[in-house]
Amino acid sequence: MVNINTVYQRVLTIANKEQRGYITPQEFNILANQAQMDIFEQYFYDINQFLRLPGNDTIASDPLDMLEEKISIFEKFNQTVTMGSAGAGTIPSESYRLINLIKVDVKGDVDIQHINKKELNKYQNSKLTAPTLTRPFYITTSENGIQIFPNTITSNVTCNYVAKPAIVRWGYAMINNEALYNPSNSTNFELHESEETDLVVKILALAGVVIKDPQLYQIAAGADAAKQQQEKQ
């Protein structure tokens with residue numbers, strides 16, 4: 001977890017030092033959420049890049065371990081899938097990436113295999129791959145919607161997934177026309193504590209666009225690029 005007030009104060013300090021103007025709490029909250037999501041989504045891109053490296057078992061093991069540790073903060077297990085009729089279901093809206101579906105059964109839990117929607121007819125029409133209660137599969141029908149086959153499965157389905165980061169907020173109270181930090185209505189970043197500096201840099205880069213200051217954007221973007229290059233060495 002990263003304290004949102006710490007990040008905001010660092011952003012203001014750098015912006016004021018560079019005489020780049022004031023970033024309001026409202027602007028900061030918008031930028032902070034965008035920065036958090038950018039960092040979060042970068043984890044999955046970086047994992048794919050590292051896995052493509054030749055000899056990645058030895059070269060990229062440490063960076064991969066760190067990325068997996070950062071993602072593990074958002075992993076949720078044994079979460080209930082809301083099932084409707086004929087095998088239709090909805091996974092929790094906070095899900096960002098579904099890990100797997102499970103049919104809970106007293107005789108033993110059964111993994112529900114994911115297949116591509118384009119492969120549905122092929123799977124259903126083959127005796128070797130047609131869905132059964134012991135070999136079910138599912139397709140995604142929308143961002144949070146799924147369809148399980150056979151469609152007689154309508155209950156006792158759970159899922160494991162990576163959740164989206166919670167929306168952050170720098171809460172405040174107006175005292176003598178000044179916004180003062182109020183921790184009671186604030187929400188911190190859920191990201192790993194090591195991301196504090198990266199958050200500051202990315203928020204400053206985004207702020208440079210908002211306040212139309214290309215130099216602030218360039219300063220922050222340059223620091224961000226240097227940090228990413230260092231991490232990949």
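Colleague: Which residues of the largest nonpolar core touch the most other members?
Modeller: This is a predicted model, in which local features need pLDDT of at least 70, side-chain atom pairs count only at pLDDT 80 or more, and totals for chains, interfaces and linings use all residues. Residues are numbered from 1 along each chain as its sequence is written, and side-chain values use heavy atoms, with hydrogens and water left out. A nonpolar core is a set of buried Ala, Val, Leu, Ile, Met, Phe, Trp, Tyr and Cys residues joined through side-chain atoms within 4.5 Å, where buried means under 20% relative accessible area, exposed over 50% and partly exposed in between (1.4 Å probe, protein chains only). Of the 32 residues in the largest core, those that touch the most other members are V7, F28, F189 and I203.

Colleague: Which elements give two or more residues to this core, and which gives the most?
Modeller: Helices (H or I, at least four residues) and strands (E, at least two) are DSSP runs, numbered from the N terminus. Two or more residues come from each of helix 1 (4-17), helix 2 (25-51), helix 4 (61-72) and helix 6 (196-210). With 10 residues, the element that gives the most is helix 2.

Colleague: Which residues does I203 touch?
Modeller: Contact here means heavy atoms within 4.5 Å. Residues up to four places away in sequence are not counted for I203. That leaves V7, V11, F28, L31, A32, A35 and F189.

Colleague: How many residues are in the second, separate core?
Modeller: Among the members of that core are V81, M83, I146 and C159. The number of residues in this second core is 13.

Colleague: A32 is in helix 2; is A32 buried or exposed?
Modeller: A32 touches V168, F189 and I203, leaving out residues up to four places away in sequence. L204 lies 172 residues from A32 in sequence, with 9.6 Å between their C-alpha atoms. Because its relative accessible area is 0%, A32 counts as buried.

Colleague: What is the nearest side chain of opposite charge to K103?
Modeller: K103 lies in strand 4 (residues 95-103) and is in contact with G108, D109, V110, I112, I153, S155, N156 and V157, its neighbours within four places aside. Lys and Arg count as positive and Asp and Glu as negative, while His and the chain ends are not counted. K103 is buried yet has no salt bridge, that is, no side-chain nitrogen of Lys or Arg within 4 Å of a carboxyl oxygen of Asp or Glu. The nearest side chain of opposite charge is 4.4 Å away and belongs to D105.

Colleague: Is the peptide bond from F149 to P150 cis or trans?
Modeller: P150 is placed in the loop between strand 7 (145-149) and strand 8 (157-163). Omega of the bond from F149 to P150 is near 0°, and the bond is cis.

Colleague: N176 is in the loop between strand 9 (172-175) and strand 10 (178-181); is N176 buried or exposed?
Modeller: Phi of N176 is near 55°, a positive value in a residue other than glycine. The relative accessible area of N176 is 75%, so this residue counts as exposed.

Colleague: What is the phi of N177?
Modeller: N177 is also found in the loop between strand 9 and strand 10. With a relative accessible area of 78%, N177 is exposed. Its phi is positive in a residue other than glycine, with a value near 60°.

Colleague: What percentage of the residues of the protein count as buried?
Modeller: The secondary structure comes to 7 helices and 10 strands. The protein has 233 residues, and the buried percentage is 39%.
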